[in-house]
Amino acid sequence: METALSGEPRKFDPKFRGPIHNRRCTDIICCVIFIVVILGYIALGVVAWVHGDPRKVIYPTDSYGQFCGQRDTLNENKTILFYFNILKCASPVVLINLQCPTTQLCVSKCPDRFATYIDVQASYRYRPDQWNYFRQFCKPGFNNPRKSVAQVLRDEDCPSMIIPSRPFLKRCFPDFSTKNGVLTVANQTTFKDGRGKTRNVTDLREAANGINNVLDARSVGMKIFEDYAISWYWILIGLFIAMLLSLLFLVLLRFTAGVLFWIFIFGVIGIIGYGIWHCYWEYDHLKGIPGSDLTVYDIGFQTDFKVYLQLRQTWLAFMIILCGVEVIVILMLIFLRNRIRIAIALLKEGSRAIGYIMSTLFYPIVTFLLIAICISYWAVTAVFLATSGEPVYKVMANQTLCKYANLTCDPETFNTTNVTKLCPGAQCTFAFYGGESLYHKYIFIFQLANAFVFLWLVNFAIALGQCTLAGAFASYYWAYRKPADIPLWPLFSSFGRAIRYHTGSLAFGALILAIVQLIRVILEYLDHKLKGTQNSFTRFLLCCLKCCFWCLEKFLKFINRNAYIMIAIYGKNFCTSAKEAFFLLMRNVVRVAVLDKVTDFLLFLGKILVAGGVGVLAFFFFTQRIPVFAQEVPMLNYYWVPLLTVIIGSYLVAHGFFSVYAMCVDTLFLCFCEDLERNDGSTAKPYFMSASLHRILGKKKLSPKKAVG
């Protein structure tokens with residue numbers, strides 16, 4: 001038999017009776033590379049764990065490179081970072097990610113009052129309590145209120161002022177509030193800066209821009225956490241109901257797939273027909289009304305769309321367009337009716353196949369666990385890589401003309417240098433984590449490699465699941481007598497074949513997809529960085545590249561999916577399987593399009609029904625509208641928190657079950673196309689398709705044994 005597209009003769013094994021069991025390993029080179037990369041990935045994680053220190057993320061770091069709140073240190077009970085002069089900080093992003101150019105100390109609590117060093121020093125003799133409170137925000141060990149104010153501020157022994165603050169992300173930020181639309185701190189709009197000036201609270205706005213909104217979000221976050229804590233049990237019940245509904249929908253598809261599809265089609269035809277009638281009614285109703293006979297060209301462009309609705313020409317155009325759509329839909333149904341019947345029959349056959357191999361419905365749990373492991377390993381490795389640097393200290397000087405400012409320094413030898421003489425008040429303080437070693441120079445490359453291998457492993461886990469399910473469902477299709485000839489434990493057998501013989505092929509397909517996805521990530525990063533640029537050509541080029549690689553990724557996912565099905569059936573390498581799958585689909589391109597759309601519609605309808613049904617039930621439950629369970633409903637801050645969780649979770653549960661069904665239909669379709677090409681329905685070459693598919697094709701009757709299936 002000659003292939004219509006490839007031009008090469010296809011040779012069929014006359015003894016073929018389903019997925020080949022006597023296989024050989026495929027794409028061995030890629031398998032070896034994949035294993036080496038995994039070992040290298042493990043080594044990268046080990047190196048990152050040795051050099052990294054997550055405490056740099058968990059704990060804030062003071063000006064001396066010490067962690068706030070770390071156990072068994074002097075700062076064990078000092079968990080919050082305090083800034084001497086927060087006015088020097090440009091924004092909260094600088095405070096959290098980089099370093100603010102002011103002394104930072106670990107404190108046990110944030111200031112709760114306004115005070116200046118000048119006022120405290122002047123009154124320390126008869127108000128020692130004020131001094132004792134203020135000096136907890138000074139450098140450890142400093143207790144010399146007699147030292148001149150100028151020297152204290154120069155050496156930064158104490159802050160010039162303290163303002164009421166509250167901790168956020170373990171850092172002290174001004175306690176902003178709004179009173180009658182005016183920004184205040186502790187109900188005050190002004191404060192003394194400790195340097196002889198009275199400042200407005202708005203001067204703190206830039207240093208703590210957006211903190212109020214974030215703090216409010218934090219409050220909302222705490223309430224949401226409380227809602228989850230008291231409603232998780234009912235959320236799980238809702239997801240369990242979604243699982244049962246998904247199973248029920250898949251079972252009912254065997255009997256209702258055709259009914260649901262034709263109801264939808266005739267509904268669309270009816271809606272379009274009503275639209276045609278309404279357009280004609282509006283066209284006839286406007287007859288004789290002054291101005292209605294004007295053309296669109298006569299009135300020109302109008303921003304008010306209602307103006308066009310007063311013209312007969314508008315409704316005539318709408319009616320012609322809808323008539324054209326109606327004719328196209330009807331003609332497509334007439335000419336594609338047989339292919340639609342085949343698609344519906346395959347959907348019913350898919351439901352029957354899952355009924356015989358129920359274990360396939362729970363395989364997505366395995367894929368989920370594998371992906372969860374990949375995500376966890378990637379996230380942990382990324383954190384350790386990001387915290388692999390050593391403490392870097394820089395000279396911080398009050399004088400803007402100090403030539404040593406921002407240069408690296410050694411805190412142990414800093415006092416022996418002449419920097420303090422040339423730049424009075426200069427200090428060697430902690431700046432950030434970094435390093436000059438070879439390892440530290442290539443941390444960005446390691447992060448890129450971490451992301452790439454992560455994408456590769458995730459795509460491999462998905463490929464393994466697709467190949468495993470395809471092998472199981474192919475075993476069903478190529479069983480001559482169903483279910484008698486279905487092999488024992490088809491899912492586990494297929495999983496074993498995929499791992500033992502085709503790890504290299506699955507890794508090859510996953511590698512191609514991972515490369516494209518990494519390029520897309522890089523393009524998104526570049527687009528984010530260049531978003532503020534005025535170069536329109538650059539933005540246009542990036543947009544085109546993003547669009548092209550998005551299309552390429554979708555195409556590769558389609559090719560890979562069908563290649564894995566061919567690998568599961570014939571056990572050939574990735575390239576050969578991809579080529580055969582592609583040309584097989586191209587020879588049945590109309591059937592592919594019809595089946596794809598019919599399947600997408602029915603499964604989307606199923607997801608909406610499951611998520612919507614469970615969502616409505618959850619809404620009535622959490623709003624106490626079900627009298628029987630009114631006393632069982634927990635008291636919530638926001639009832640929409642568990643409600644949205646149940647709706648989204650139900651959709652994901654349905655998606656997990658229906659993804660198995662979609663894989664089943666795709667596998668049965670490829671097997672169906674292969675069955676038509678390699679067999680002719682004769683006694684020597686009988687069809688393996690079901691009796692319903694056989695009747696739709698109008699072929700010769702099946703043998704009595706086959707008709708039983």
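## Terms and model

A salt bridge is counted where a side-chain nitrogen of Lys or Arg lies within 4 Å of a carboxyl oxygen of Asp or Glu. D666 and R561 form such a pair, with their closest N and O atoms 2.7 Å apart.

The model is a predicted one, in which local features need pLDDT of at least 70 and side-chain atom pairs count only at pLDDT 80 or more, while totals for chains, interfaces and linings use all residues. Residues are numbered from 1 along each chain as its sequence is written, and side-chain values use heavy atoms, with hydrogens and water left out.

## The chain as a whole

The secondary structure of the protein chain comes to 22 helices and 13 strands, where helices (H or I, at least four residues) and strands (E, at least two) are DSSP runs numbered from the N terminus. Of the 709 residues, 43% count as buried; here buried means under 20% relative accessible area, exposed means over 50%, and partly exposed lies in between, with a 1.4 Å probe and protein chains only.

Among the contacts (heavy atoms within 4.5 Å) with a separation of 6 or more, 71% are accounted for by residues 24 or more positions apart. The protein chain exposes about 38,100 Å², of which carbon and sulfur atoms supply 65%; accessible areas come from the Shrake-Rupley method with a 1.4 Å probe, and for residues only the protein chains shown count as cover.

## Nonpolar cores

A nonpolar core is a set of buried Ala, Val, Leu, Ile, Met, Phe, Trp, Tyr and Cys residues joined through side-chain atoms within 4.5 Å. The largest one has 113 residues, and those with the most contacts inside it are L346, F473, Y477, L506, F658, Y661 and F672. Apart from this core lies another, of 22 residues, which includes W131, Y133, F137 and V149. In soluble globular proteins, nonpolar side chains tend to be buried together.

## Helices α1 and α11

Helix α1 (28-51) has 24 residues, which at 1.5 Å a residue should span 34 Å, and this agrees with the 35 Å between its end C-alpha atoms; the expected span is 1.5 Å times one less than the number of residues. In α1 the residues C30, C31, F34, Y41, L44, G45 and A48 are buried, and what covers them includes α11, α13, α14 and α16.

Helix α11 (residues 363-386) also has 24 residues and an expected span of 34 Å, in agreement with end C-alpha atoms that are 35 Å apart. Its buried residues are Y363, T367, C374, T381, A382, F384 and L385, and they pack against α1, α13, α14 and α15 (490-501).

## A nonpolar patch on the surface

L438, Y442, F444, I445, L448, I522, Y525, L526 and L530 form a nonpolar patch on the surface, with about 870 Å² of accessible area together. Patches are made of residues with over 30% relative accessible area and no salt bridge, with like charges joined within 9 Å and nonpolar side chains (Val, Leu, Ile, Met, Phe, Trp, Tyr) joined within 5 Å. The elements that give two or more residues to this patch are α14 (443-477) and α16 (503-529).

Two members of the patch can be placed in detail. Y442 sits in the loop between α13 (438-441) and α14, and counts as partly exposed because its relative accessibility is 42%. L448 belongs to helix α14 and, with a relative accessible area of 33%, is also partly exposed; its C-alpha atom is 9.6 Å from that of A382, although the two residues are 66 apart in sequence.

## Salt bridges

By the rule given at the start, the count comes to 11 salt bridges. In one of them the side chains of R352 and E349 meet at 2.5 Å, N to O; since these residues are three apart in helix α10 (residues 337-356), they are separated by about one helical turn. E349 is buried, with a relative accessible area of 2%.

Another salt bridge joins K546 and E524, whose closest N and O atoms are 3.7 Å apart. This pair links distant parts of the chain, with K546 in helix α17 (residues 536-570) and E524 in helix α16, 22 residues apart. Both are partly exposed, K546 at 23% relative accessible area and E524 at 40%. R520, E553 and K557 are linked in a network of salt bridges.
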